[in-house]
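Colleague: I am new to this structure and should like to understand the terms applied to it. May I put some questions to you as we look at it?

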Amino acid sequence: QDWEQRQEEDTLLIERILLLVRNVLHVPPDPTEEQGVDGDASVHDRVLWALHISGMDDLLKFLASAQVEQQWALHVLEIISLMFRDQSPEELAALGQGTAGAEHGEDTRELETLRQRELAEKRARALQRPSRHSRFGGSYVLQGLKSIGDRDVVFHKGLHNV
């Protein structure tokens, strides 16, 4: 609903939901409870995945970016900071660069091989046609055919088009 159409109960419900999400994300990790395999996702990561699957992350992005929903900005900011609680900026930057850098290198190699193949095809086509090309189409006088005046017709194209 638009903010003009919301009742007081709706506003309270939105605030309570945001506080609930904040409180769930605020629960500190307990390493003794979370004994899993090294690559296993923590409880915090599983909660974040559940929020993503439910579409709550899209709602949070909307609330953070919508001009008319500024009253929720601090709640959303706190939720986002709790989402990134266990992450360091260096890890996040390296994580984003790792896949992008590898994909970029692979794309660059693929484009380079395509470029080399195209250049080879271009050279092969250049060798197949004669080395010298006459750009002179020619001008011809058609005798026996008179133009507007008393002169013969002058034709400015190749003879194959006559």
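**Pockets, core and a buried histidine**

Modeller: Let us begin with the largest pocket of this predicted model, whose lining comprises six nonpolar, three polar and three charged residues.

Colleague: Which residues form the lining of the largest pocket?

Modeller: The largest pocket is lined by His44, Asp45, Leu48, Leu51, His52, Asp57, Met83, Phe84, Gln87, Glu91, Leu92 and Leu95. Its volume is about 250 Å³.

Colleague: What makes a residue such as Asp45 part of that lining?

Modeller: A lining residue has an atom within 4 Å of a point of the pocket. Asp45 is listed in the lining, therefore Asp45 meets that cut-off.

Colleague: Which helix gives the most to the lining of the largest pocket?

Modeller: Helix H2 does, with five residues. Helix H2 (43-54) and helix H5 (89-128) each supply at least two.

Colleague: How is the lining of the second largest pocket divided by class?

Modeller: It has nine nonpolar, no polar and two charged residues. Arg6 and Glu69 are in this lining, and both count as charged because Arg and Glu belong to that class. The space in the second largest pocket is about 180 Å³. H3 provides the largest share of its lining, five residues.

Colleague: Why is the set that includes Leu18 and Trp72 called a nonpolar core?

Modeller: The term requires buried residues of certain types, Leu and Trp among them, joined through side-chain atoms within 4.5 Å. Leu18 and Trp72 belong to the largest such core, which has 12 residues in all, so each is buried and joined in this way. Helix H1 (8-26), helix H3 (56-65) and helix H4 (73-83) each supply at least two residues of this core, and H4 gives the most, with four.

Colleague: How do you know that Leu63 is in contact with Val76?

Modeller: Contact means heavy atoms within 4.5 Å. Leaving aside neighbours within four places in sequence, the contacts of Leu63 are Leu18, Glu69, Trp72 and Val76, so Leu63 and Val76 have heavy atoms within that distance.

Colleague: Why is His75 called buried?

Modeller: His75 has 17% relative accessibility. Buried means under 20%, so His75 counts as buried.

Colleague: Where is His75 placed, and which residues does His75 touch?

Modeller: His75 lies in helix H4. Not counting residues up to four places away in sequence, His75 touches Glu15, Leu18 and Leu19.

Methods:
Residues numbered from 1 in each chain as written. Predicted model: local features only at pLDDT ≥ 70, side-chain atom pairs only at ≥ 80, totals over all residues. Heavy atoms only, no water. Buried < 20%, exposed > 50% of the residue type's maximum accessible area, 1.4 Å probe, protein only. 1 Å grid on protein atoms, 1.4 Å probe; cavity = no way out; pocket = protein on both sides within 12 Å on 5 of 7 lines; lining within 4 Å. Points joined across faces, edges and corners; volume = space filled by probe spheres on them.
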